[in-house]
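The exercises below ask you to read a structure step by step, with a worked solution after each task. Please look at the sequence and the model before you begin.

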Amino acid sequence: MKKSRLFLLVAIVLVSALALTACGGGSNTDSGENGDQPKTTVLKAGHTLAPDHPYNDGMLKFAELVEQKTNGQIKIDVYPAAQLGSEREAIEGVQMGTIDITLVSTAPLAGFSDAFLALDLPFIFKDRTHAYKVLDGEIGQDMLSKLDGTGLIGINFWENGFRNLTNGERPVVVPEDAKGLKVRTMENQIHMDSFRAIGADPTPMAFGELFTALQQKTVDGQENPLPIIWTSKFFEVQEHLALTGHFYAAVPLLINEKLFNSFSPEVQQAILEAAEEARDFERNIIKEMDESLLGDLKEAGMQVTEPDKAVWEEAMKSVYDKYESKIGTDLIQKIKQAAN
């Protein structure tokens, strides 16, 4: 009899704990002994890249600033390396409230608005100054507003940087050099069409499978910014690096809409301010790594070429013809004109 009562008691405790866990929207802990202090809300934030990638440095800085600016009312636990799932899974998690915050590429957001496709076009941005002007200005904020009502709030844009091509077969200088190369790309139709335009064989694949695929030569190459090439140790399985800079990877910071709206105006403002400071912090790390890592990659054995980007832009321009009507000519022109 005693055993059955004990079992029942344990079962009730477990069910109660599970119910609390499933509620989402952060967890609360009382910071005062007698409950007279404000409660601390702990949020879960996830991203897919390595713990030593600037994504993680930026998210840790964001967490630090949020805690500081809210006087400890909000704390953020950061989970790198896809611990909370892939980008698509993280977006769905934030929508449902099982994850509170995530940092993702723009490609999966095209399901909410075609406007995000513009950011994936090859050579749409001339340089970082151009990109920041667009993303931090009216155009970028209008894009993020397309997420209103989806369960997501787009806070701002961080960055992954300019993507470059690596492969294990041969040096690449002109687009023709990439012909026939099996190149891993993101599951992104614009990216895939851009590589088809130069005769390569784009092969979408989960990022977590990429190193092994390169090692086993399931694919010949891949394309990513220098910090990812370095932190993912692709130099161990790729000999050639071409500084093509063909895509710029903008990275939206997303938060659950219901959660954000539940905070006081003061807490909301603190989160927005922290996100802006952390964005600049993360971008600066990416820029510094772009400048410093080239020498490191060469020392690690990579042969580096510096293609004429104008030639590559011309070779991929057919992609604009294909997607112009879907994205909108006006939006593409606004983005291009912002470079002036």
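Before the first exercise one term is needed: a pocket is an open set of grid points, where a 1.4 Å probe fits, with protein on both sides within 12 Å along at least five of seven lines, and its lining residues have an atom within 4 Å of a point. The model is a predicted one.

**Exercise 1.** Describe the lining of the largest pocket.

*Solution.* Begin with the space itself, which has a volume of about 680 Å³. Next, look at the walls: 28 residues line the largest pocket, and Thr-48, Glu-87, Arg-184, Ala-206 and Phe-207 are the ones that lie nearest its centre. Then ask which helices contribute, and you will find that α3 (87-96) and α7 each give at least two residues to this lining. Finally, sort the lining residues by character, which yields 16 nonpolar, 7 polar and 5 charged.

**Exercise 2.** Describe the second largest pocket in the same manner.

*Solution.* The second largest pocket holds about 290 Å³ of space. Its lining is made up of 13 residues, and those nearest the centre are Phe-162, Asn-164, Leu-243, Gly-245 and Lys-309. Two or more residues of this lining come from each of the elements α10 (265-299) and α11 (309-315). By character, the lining divides into 6 nonpolar, 2 polar and 5 charged residues.

**Exercise 3.** Classify the ring pair formed by Phe-207 and Phe-234, and say which parts of the chain the pair ties together.

*Solution.* Two rings pair if their centres lie within 6.5 Å, and planes over 60 degrees apart count as edge-to-face. By this rule the model has 6 aromatic pairs. For Phe-207 and Phe-234 the ring centres are 6.1 Å apart and the planes stand at 70 degrees, so this pair is edge-to-face. Phe-207 belongs to the loop between β8 (201-204) and α7 (210-215), while Phe-234 belongs to the loop between α8 (226-231) and β10 (240-242), so the pair ties together parts that are 27 residues apart in sequence. As a last step, consider accessibility: Phe-207, at 27% relative accessibility, counts as partly exposed, whereas Phe-234, at 1%, counts as buried.

**Exercise 4.** Which residues form one aromatic cluster, and which residue lies over the face of Tyr-132?

*Solution.* The cluster consists of Phe-125, Phe-162 and Tyr-248, and Phe-162 is also among the residues nearest the centre of the second largest pocket. Over the face of Tyr-132 lies Arg-283, at 4.0 Å from the ring centre. A further example is Lys-336, which lies over the face of Tyr-320 at 4.4 Å from the ring centre.

**Exercise 5.** Compare the two faces of strand β3 with those of strand β9, and find the partners of each strand.

*Solution.* Start from the rule that side chains in a regular strand alternate between the two faces of the sheet. In β3 (residues 74-79), Ile-74, Ile-76 and Val-78 make up the covered face, and Lys-75, Asp-77 and Tyr-79 the uncovered one. Strand β2 (residues 39-46) runs parallel to β3 and is joined to it by 6 bridges, with Val-42 having Lys-75 as its bridge partner.

In β9 (residues 221-224), Gly-221 and Glu-223 point one way and Gln-222 and Asn-224 the other, yet all are buried. Strand β6 (residues 164-167) pairs with β9 in the antiparallel sense over 4 bridges, and here Asn-164 stands opposite Asn-224. Strand β7 (residues 182-185) pairs with β9 in the parallel sense over 2 bridges, and there Arg-184 stands opposite Gln-222.

Key
Residues are numbered from 1 along each chain as its sequence is written. This is a predicted model: local features need pLDDT of at least 70, side-chain atom pairs count only at pLDDT 80 or more; totals for chains, interfaces and linings use all residues. Side-chain values use heavy atoms; hydrogens and water are left out. Rings of Phe, Tyr and Trp (its six-membered ring) pair if their centres lie within 6.5 Å; planes under 30 degrees apart count as stacked, over 60 as edge-to-face and the rest as tilted. Buried means under 20% relative accessible area, exposed over 50%, partly exposed in between (1.4 Å probe, protein chains only). A charge sits over a ring if NZ of Lys or CZ of Arg is within 6 Å of the ring centre and within 35 degrees of the ring normal. On a 1 Å grid over the protein atoms alone, a cavity is a set of points where a 1.4 Å probe fits but cannot get out, and a pocket is an open set with protein on both sides within 12 Å along at least five of seven lines; lining residues have an atom within 4 Å of a point. Grid points are joined across faces, edges and corners, and a volume is the space filled by probe spheres set on the points. Ala, Val, Leu, Ile, Met, Phe, Trp, Tyr, Cys and Pro count as nonpolar, Asp, Glu, Lys and Arg as charged, and the others, Gly among them, as polar. Two strands pair if DSSP finds at least two bridges between them.
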